[in-house]
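Dear colleague,

I am passing on the structure we spoke of, with the sequence alongside. Please have it open while you read the notes underneath.

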Amino acid sequence: MEQGILLKSYGGFYFVWVHGEEYTCAIRGKLRKDPGGIIVGDMVQISVTGDHAGVIEEILPRRNRLLRPKVANIDQAFLVLACGHPAPDWLLLDKMLVMAIKNHIQPIICLNKRDLPASEEYLAYLNIYQKAGFPIFAVSTQTGQGIDEIRKQLADKITVFAGPSGVGKSSLINSLLTNGSQETGEISRKLGRGKHTTRYAQLIPWPDGGFLADTPGFSLLNVADVKKEALGQYYPEMVAVADKCRFQGCIHENEPDCQVKALVAEGIISQERYDRYLFLLREIKNKEDGLYD
């Protein structure tokens, strides 16, 4: 038996990366009936049946799983915004950050289209997130600014790029693959990258180790499965001071002597990000009360 990672699947075949080589595999019938299914990024055990051929015998436990995009065992997520066309949706960014942290994925904020005039305004606003501890990358696929810095960040990790349509995720992945080394250029040619956007989820082996998740799209994240008592746990700036609130389990809404509210009043925690937190909190509470059923 050999252990590998599922790169992609289509046409009833499963393509598994084992010791730096790709194997075309079938899957045992019992695994087809698994309600959790098998998805890109799954670690699997295969039995080798021929030259670069095998059968998937077991799906190993997952560290995490995303539904949109449908990928497992992600280490880090680049959450992509644009400096216009479309303008950043800060509420959507906060939702993506919550869901990344909830799934034990390192979130990285990536501001694309850095060459557009509004970039300085949006970069200044992102200081809110930098102060909260989130890494920030500002890039342009037109000028190549910041692309090499992202390449370095990809080494030895499974990385997904997420964000709404129009922010340039496909262009960013194309730039990462086509403007780099001869080896990444060869990967891009094999994938046909640059000619079209992605039609199905797949992992791209990265020359420096790790994998790049190339996915066909991204849908709005729903935080309704987060409990109201837990939402604040996904805000690093709140976690850092929550032990100074008077009440254990404070949700930083109406409780007296709440340290988070005090720091918002002092301007240390962003008022706008806190207001969006309250919006999400109300959304979750309404769901729990059955108002959205």
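What follows is an account of the sheets, the helix packing, the aromatic pairs and a few individual residues.

Please keep in mind throughout that this is a predicted model.

I begin with the barrel, in which five strands close in the order β1-β2-β3-β5-β4 with mixed pairing, and in which the twist from one strand to the next averages 55°. Within the barrel, strand β1 (residues 2-10) and strand β2 (residues 13-18) run antiparallel and are joined by five bridges; Ile 5, for instance, has Trp 17 of β2 as its bridge partner.

There is also an open sheet of six strands, again with mixed pairing, whose order is β10-β9-β8-β11-β13-β12. Its edges are taken by β10 (136-138) and β12 (202-205), and because each of these has a single partner strand, one side of each is left without a neighbour in the sheet. Here the twist averages 25° from one strand to the next. At the β12 edge, four bridges join β12 to strand β13 (residues 210-214), the two running antiparallel, and Gln 202 is bridged to Asp 214 in β13.

Helix α6 connects this sheet with the helix packing, since it lies across β8, β9 (106-112), β11 (157-162), β12 and β13, and runs at about 145° to β11. The axis of α6 (residues 169-178) also comes within 10 Å of the axis of helix α5 (residues 147-154), the two crossing at roughly 80°. As angles from 65 to 115 degrees count as roughly perpendicular, α5 is therefore roughly perpendicular to α6. On the α5 side the contact is made by Ile 147, Ile 150, Arg 151 and Leu 154, and on the α6 side by Leu 172, Ser 175 and Leu 176; by character, the residues of this contact divide into five nonpolar, one polar and one charged.

Turning to the aromatic residues, the structure holds nine aromatic pairs. One of them is formed by Tyr 235 and Tyr 277, which meet edge-to-face, with 5.1 Å centre to centre and 80° between the planes. This pair links distant parts of the chain, as Tyr 235 sits in the loop between β13 and α8 (236-239) while Tyr 277 belongs to helix α10, 42 residues apart. Both partners fall under the 20% cut-off for burial: Tyr 235 is buried at 1% relative accessibility, and Tyr 277 is buried at 0%. Elsewhere, Trp 90, Tyr 122, Tyr 125, Tyr 129 and Phe 134 form one aromatic cluster.

Finally, two loop residues may repay a look. Asn 73, in the loop between β7 (70-72) and β8 (76-82), has a relative accessibility of 3% and so counts as buried. Leaving aside residues up to four places away in sequence, Asn 73 touches Gly 41, Asp 42, Met 43, Pro 61, Arg 62, Arg 63, Asn 64 and Ile 158. Ile 268, by contrast, is exposed, with a relative accessible area of 56%, and is found in the loop between α9 (259-265) and α10 (271-288). Although Ile 268 and Lys 131 are 137 residues apart in sequence, their C-alpha atoms are 9.4 Å apart in space.

With best wishes

Notes:
Residues numbered from 1 in each chain as written. Predicted model: local features only at pLDDT ≥ 70, side-chain atom pairs only at ≥ 80, totals over all residues. Heavy atoms only, no water. Axes fitted to C-alpha atoms, helices over the stretch in contact; angles between N-to-C directions. Parallel < 35°, antiparallel > 145°, perpendicular 65-115°, else oblique. Contact = heavy atoms within 4.5 Å. Nonpolar A, V, L, I, M, F, W, Y, C, P; charged D, E, K, R; others polar. Buried < 20%, exposed > 50% of the residue type's maximum accessible area, 1.4 Å probe, protein only. Pairing = 2+ DSSP bridges. Phe/Tyr/Trp six-rings, centres within 6.5 Å; stacked < 30°, edge-to-face > 60°.
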